Amino acid sequence: MSERCALAVIGGGPAGLATATTAAELGVQVELFDEQSAPGGQIYRAIENADTEHQAILGQDYARGAALAQSFRASAAGYRSDSDVWAVTPERQIGVISFGSADIVDAQFIVIATGSMERALPFPGWTLPGVMTAGAGQVLLKQEGMVPDDTLIGGGVVLAGSGPLLLLVASQYLHAGVAIQALLDMTPRAGYLQALPHLPLALIADGYIGKGRALKAELRRADVPIISGVTNISANGDDRITSVEYDIGSQRQTLDTGLLMVHFGVVPNGHLAAALGVEEIWDRRQLCWRPSTDAWGGTNIDGVAIAGDCGGIAGARAAEYSGRLAAFQAACSLGLIDAEERDRLAAPVRQALKRDIRVRPFLEALFTPPASLMDNAVDDTVICRCEEVTAGRLREAVSLGCQGPNQVKAFTRAGMGPCQGRQCGAAVSHIVAAARGVEVELVGRFRVRPPVKPITLGALATLDVD
């Protein structure tokens, strides 16, 4: 027999926690499914175990998650930790694995709040041990308090890429006592001109520009070189990275290091929604696919809403606000409040959301990923790490007549590995589009089908199927 709940929330980050807490306060019977062992998501990972010293290392924005987690724990919402959702059907049936056992949950309303993931942009040497994303380095610091050994990093960690997270991680590592050799800023120079018209609106957002300036000033006081205008990075080494090379204008530079952390922004983690059949649109500003939603997060699937960054990148606070809006709509749909009450409750939340996202046009214009990494990878660069498919093989498939990523998948196995195209999907689409000379939105993306998470035959065998 399957389980039943009124509202199922998938994801335990700021959007999911806000949705579940707000809905429970309105009398909705809520169950939150979280793949992690404790609430917080990626942004507030391990927040309940973070003492004052750890919170000081990670910063004030991280500490904000403590109140959110406390409110959720104090609510009547149910919590299913260590639970991987591997399928959702249009009939609002949820396939979930918890501690090796599989269940089917029937929900009257579903809010998908699966957050974001870092954008993977392949470059020569990116698969070497010692090369990782800045977000992964941050996760190790949040979850386990782990920092790299001084003997491993030599002269210090090198960070490279573009986007606010680079500055934040550099600051957090400084507070944790990690030596930083340099920050290689790959923000395209054209981005500054494109962002300039959006600066006035960004300046009246909730302090984001000021925070960015403060982080830069902190790094300069610590004598961390911030090297701008960097292009064409590559990691060198045999068994692991030993150095990173990059261009400044026509000059090729080298830094010896045992750890390179890269970051090129984040994109919606939309695999579950895509597998469900939620309609998607190509976001030209964020250069990614995202679900098409209404003002409440509603989708083309009846009774299914999207909240937070999996519906479009806007940040942790905006995710929290969108989660509350989704909760109001769920309570209304389930008959616990009427439309008039829903709109009344939503009004101040919408105002807060509007203020918070004023900075987004500026950030999206400034931190557009470098075109040289999006679609100009050299032929021997590995694009799909799971199946070891290179850029050259992808271009060869296009020359044989492949029109999009799904045909390329059949020819090369790109996207057929354990990550199911999460890491390589965007790069494959960009390379195919460039090889064809068309826009990315015209070639589409990998089709996603359940299971969206690995599930064993043993787990499937535990299903009580009527």
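**Exercise 1. How much space lies in the largest cavity?**

Solution. This is a predicted model, in which local features need pLDDT of at least 70, side-chain atom pairs count only at pLDDT 80 or more, and totals for chains, interfaces and linings use all residues. Residues are numbered from 1 along each chain as its sequence is written, and side-chain values use heavy atoms, with hydrogens and water left out.

Step 1. A cavity is a set of points, on a 1 Å grid over the protein atoms alone, where a 1.4 Å probe fits but cannot get out. The structure holds 1 cavity of 30 Å³ or more.

Step 2. The largest cavity has about 370 Å³ of space; a volume is the space filled by probe spheres set on the grid points, which are joined across faces, edges and corners.

Step 3. Its lining (residues with an atom within 4 Å of a point) has 24 residues, and V267, R422, G425, A426 and R445 lie nearest the centre. Helix α17 gives the most, with 4 residues.

**Exercise 2. Describe the order and edges of the open sheet of 5 strands.**

Solution. Step 1. Strands (E, at least two residues) and helices (H or I, at least four) are DSSP runs, numbered from the N terminus. Two strands pair if DSSP finds at least two bridges between them.

Step 2. The order is β8-β15-β9-β10-β11, with parallel pairing.

Step 3. β8 (131-133) and β11 (226-227) each have a single partner strand, so one side of each lacks a neighbour in the sheet.

Step 4. β10 (residues 180-185) pairs with β11 over 2 bridges. L184 has I227 of β11 as its bridge partner.

**Exercise 3. Place helix α4 against the sheet and against helix α6.**

Solution. Step 1. α4 lies across β8 and β15 (260-263), at about 80° to β8. Axes are lines fitted to C-alpha atoms, for helices over the stretch in contact, and angles run from 0 to 180 degrees between N-to-C directions.

Step 2. α4 (residues 134-144) packs with α6 (residues 164-175) at about 35°, and the axes are 10 Å apart.

Step 3. The contact (heavy atoms within 4.5 Å) is made by A134, G135, G137, Q138 and L141 of α4, with L165, L166, L168, V169, Q172 and Y173 of α6.

Step 4. These residues divide into 7 nonpolar, 4 polar and no charged. Here Ala, Val, Leu, Ile, Met, Phe, Trp, Tyr, Cys and Pro count as nonpolar, Asp, Glu, Lys and Arg as charged, and the others, Gly among them, as polar.

Terms used:
On a 1 Å grid over the protein atoms alone, a cavity is a set of points where a 1.4 Å probe fits but cannot get out, and a pocket is an open set with protein on both sides within 12 Å along at least five of seven lines; lining residues have an atom within 4 Å of a point.
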